[in-house]
Amino acid sequence: MSFCGWLKIFKRRKHAAVGSEESDERTSSAAKSGGAGRKKTPGSGSSDRTADNGGGAERNAKNSAGTDEVKVKNGDESDVDDDFWATPVEEAKADENDEGNPRNKTALKPGHSLMDWIRYGNSGVDLAGTGGRVRPVQHTELATHNKPGDVWMAIRGKVYNVTSYLDFHPGGVDELMRGAGKDATKLFDEVHAWVNYESLLAKCYIGPLRSTGVLKLVPEEPETTSKSPSSSMPPPSPVFLKPPSSGNPSVIVTPSTPAVAPKVLSATSVVSSSSEDSAIKLSPVVPRFDWIQKTAEVTFIFYTKALCNPAVVVEFVNNLEFNVRIFLEGNVLHRYQFQVTNNLQWPCTVRQSLEAGKVELVFNKLLPTLWTNYGQMEHDQIENYPMELHEYDVATRIEITHDSCALLLRPKNNSILQVTPIGHHLSISGTVADGQVVTRSYTPVPPAAVPTDCPPTFIPLLVKTYPLGALSKHLTRPVPLATSLQILQPSGNFSLAKLKHHNRIALLAAGSGITPMLALLSYLLERSSNKMESICLLYFNKTEADIWCREMLDNLCTKDKRLTVKHFLSDVESPTTVQPPPRSAKSPGPDDSRPSTSTTVAGSADEDGGSRRPKATATAGFERGRISLAIVQQLTNVDSPLAASFVCLCGPKPFNELACQHLEQAGHSMSYVHSFQG
């Protein structure tokens with residue numbers, strides 16, 4: 001990014017923070033650090049990269065001796081300051097990513113936060129402009145609505161009137177106008193495919209996108225084909241052309257040609273075809289209800305489908321009434337309202353059998369006795385449901401590293417119990433010190449990942465604090481604890497069905513990108529159908545002090561030999577010979593159960609361009625460096641113990657992009673890669 005580009009961002013932030021001394025100071029310090037990071041000394045051999053706004057990077061890739069530096073210039077809660085990518089990225093590509101990065105947010109006008117948009121949608125205003133009617137839209141009609149005061153766009157076959165949403169879009173009006181008057185599915189997938197747009201734009205829905213075509217029932221004969229009028233032979237079968245490839249640009253495939261079987265990792269790693277998964281997705285899911293009881297408890301059961309992985313919200317009204325909302329794929333909500341015959345105790349316990357698709361709500365009875373019936377239930381199904389907000393406070397804050405905390409979020413009236421699907425995240429909004437409403441995405445972790453007991457209604461989070469992170473500093477402040485946080489229902493695009501036929505899986509995580517992997521690890525290790533052969537977790541951090549949930553991961557490795565965890569550190573000195581640490585009460589010996597690997601660890605350049613604390617020295621149990629092709633090739637080599645047929649990865653955007661590049665170079669099928677984003 002050029003100096004003019006940086007100056008433009010500086011002015012925009014300064015304008016958005018008029019009257020706020022804290023905001024001005026924050027912007028000024030960001031400008032100074034950004035300037036320091038761009039200094040170049042003649043003959044310098046360091047490579048300097050600057051990450052702006054959550055991964056949309058300004059990177060000055062200088063001829064490097066192997067060291068990199070990353071700086072965070074704004075308060076986004078992404079892992080952009082975790083320097084894990086190994087090779088320089090061209091500045092032109094970095095600038096391009098900066099413009100199209102979903103985290104490259106603009107300063108919104110007052111009263112235009114996500115919460116304000118939800119309130120506006122629930123105010124009764126006709127945002128679609130159709131009077132509540134759903135009607136089909138032709139491509140020609142869609143193309144006429146492409147002006148700032150009249151903007152329609154289509155996403156995955158659905159047309160929305162986004163005119164009212166322009167000023168609420170975090171990426172700015174110009175970014176949204178790129179999809180005006182056309183099918184914007186490709187643009188949407190490139191920027192933020194994980195966003196639950198169907199809920200966000202539910203009140204803007206106009207109708208399905210329709211195409212008009214001409215169907216010829218009698219095929220025309222080619223001019224070069226001669227056919228006698230008296231001939232009774234049928235016309236020749238049509239020939240289907242395969243798209244040209246670099247290897248054989250003129251391959252012709254007829255309908256009788258058998259399909260080439262995909263190359264699999266090994267005979268024991270069976271990979272399913274996409275047709276099976278597509279057929280499953282086409283069949284609608286209508287949960288089936290049942291109930292069972294014991295003398296002291298009653299269980300309400302909802303059967304969805306195998307690997308459905310739904311979001312569940314239970315709302316307690318009183319001892320005789322409660323509501324259940326089950327969010328399924330395709331933006332379908334099933335809502336249940338219960339009135340029971342006898343008093344129940346709150347909270348309940350939610351149990352899920354993901355393989356069977358079963359959700360159980362277990363309530364203790366206030367008076368132990370057997371019921372003759374459970375009472376009454378009303379059920380309705382809602383498609384394209386609007387977003388709903390719940391208010392939470394930070395109830396518990398525990399420091400786990402030098403710059404991160406474990407948090408327990410408690411619902412305001414403690415009457416909401418929310419279950420987040422594996423691999424999905426929550427959008428959390430809070431009013432920060434300068435009065436601005438900031439929204440970021442966080443992935444809840446299993447209760448076992450936090451160092452304290454977690455009540456059923458609480459949401460456990462691991463949050464990293466960024467020096468300029470407005471919301472992360474607000475959430476993790478020690479006094480007073482943050483209150484009145486607005487949380488949306490879970491969203492995401494991860495499907496457990498993708499892993500159904502894979503029993504060798506690799507997980508690549510960088511920094512706080514470990515959060516979606518923790519729940520996924522627990523599920524995979526407990527999976528009973530197509531049991532796992534091996535799971536390898538490659539965890540990238542700067543220093544040993546940055547590692548999250550190390551004790552939990554070590555215990556899982558000790559308990560289950562199918563799991564291998566390898567740690568990679570980037571910001572430590574690398575001695576020529578690594579000496580084992582001295583034996584002490586805090587130093588594990590050869591008889592300890594903690595798994596270890598033998599390696600050294602690479603160092604990196606100073607992030608501040610000046611004095612800093614001494615670097616740590618490499619110790620046994622860690623490998624050196626950042627994500628690289630050599631590391632990824634261990635996952636694709638069938639002779640390697642880390643070989644995997646499916647890969648999940650999560651980290652800063654540059655880390656994800658580089659990991660995908662290396663996987664493709666190593667010959668791994670990109671159909672069997674999932675990148676968590678949020």
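Visitor: What is the strand order in the open sheet of 5 strands?
Guide: This is a predicted model, and the sheet in question is open, with mixed pairing among its 5 strands. Strands of a sheet pair through backbone hydrogen bonds, either parallel or antiparallel. Read across the sheet, the order is β4-β8-β7-β6-β5.

Visitor: Which strands stand at the edges of that sheet?
Guide: An edge strand here has a single partner strand, so one of its sides is left without a neighbour in the sheet. That description fits two strands, residues 137-138 and residues 146-147. They are β4 and β5.

Visitor: Which residue is the bridge partner of V137 in β8?
Guide: Strand β8 covers residues 205-210 and runs parallel to β4, with 2 bridges joining them. For V137, the partner in β8 is L209.

Visitor: How far apart in sequence are the parts tied together by the pair of W117 and F168?
Guide: By the rule used for ring pairs, the count comes to 26 aromatic pairs. In the pair of W117 and F168, the ring centres are 5.0 Å apart and the planes meet at 55°, so the pair is tilted. W117 belongs to helix α4, while F168 is in the loop between β7 and α6, so the pair ties together parts separated in sequence by 51 residues.

Visitor: Are W117 and F168 buried or exposed?
Guide: A residue counts as buried when its relative accessible area is under 20%. W117 has 4% relative accessibility, and F168 has 10%. Both values fall under the cut-off, so the word for W117 and for F168 is buried.

Visitor: What is the centre to centre distance in the aromatic pair of Y160 and Y205?
Guide: Y160 is in strand β7 and Y205 in strand β8, 45 residues apart, and their pair links distant parts of the chain. Y160 and Y205 are both buried. Their pair is tilted, with 55° between the planes, and the distance from centre to centre is 5.7 Å.

Visitor: Which residue lies over the face of Y205?
Guide: Y205 takes part in the aromatic pair with Y160, and its ring face has a charged residue over it too. At 6.0 Å from the ring centre lies K158.

Visitor: The charged end of which residue sits over the ring of Y303?
Guide: The charged end is 4.2 Å from the centre of the Y303 ring. It belongs to R288.

Visitor: What is the omega of the cis peptide bond that joins W346 and P347?
Guide: W346 is a member of an aromatic cluster that also includes F289, W291 and Y374. P347 is found in the loop between β15 and β16. The bond joining W346 and P347 is cis, and its omega is about 5°.

Visitor: Where is P480 placed?
Guide: The peptide bond leading from V479 to P480 is cis, with omega near -15°. Strand β25 covers residues 485-488 and helix α10 covers 470-476. P480 has its place in the loop between α10 and β25.

Visitor: Is S484 buried or partly exposed?
Guide: S484 lies in the loop between α10 and β25. Although S484 is not a glycine, its phi is positive, about 55°. With a relative accessible area of 33%, S484 is partly exposed.

Visitor: What is the phi of N530?
Guide: N530 lies in the loop between α11 and β27, and at 30% relative accessibility N530 counts as partly exposed. N530 is a residue other than glycine, yet its phi is positive, near 50°.

Conventions
Residues numbered from 1 in each chain as written. Predicted model: local features only at pLDDT ≥ 70, side-chain atom pairs only at ≥ 80, totals over all residues. Heavy atoms only, no water. Pairing = 2+ DSSP bridges. Helix = DSSP H or I, 4+ residues; strand = E, 2+ residues; numbered from the N terminus. Buried < 20%, exposed > 50% of the residue type's maximum accessible area, 1.4 Å probe, protein only. Phe/Tyr/Trp six-rings, centres within 6.5 Å; stacked < 30°, edge-to-face > 60°. Lys NZ or Arg CZ within 6 Å of the ring centre and 35° of its normal.
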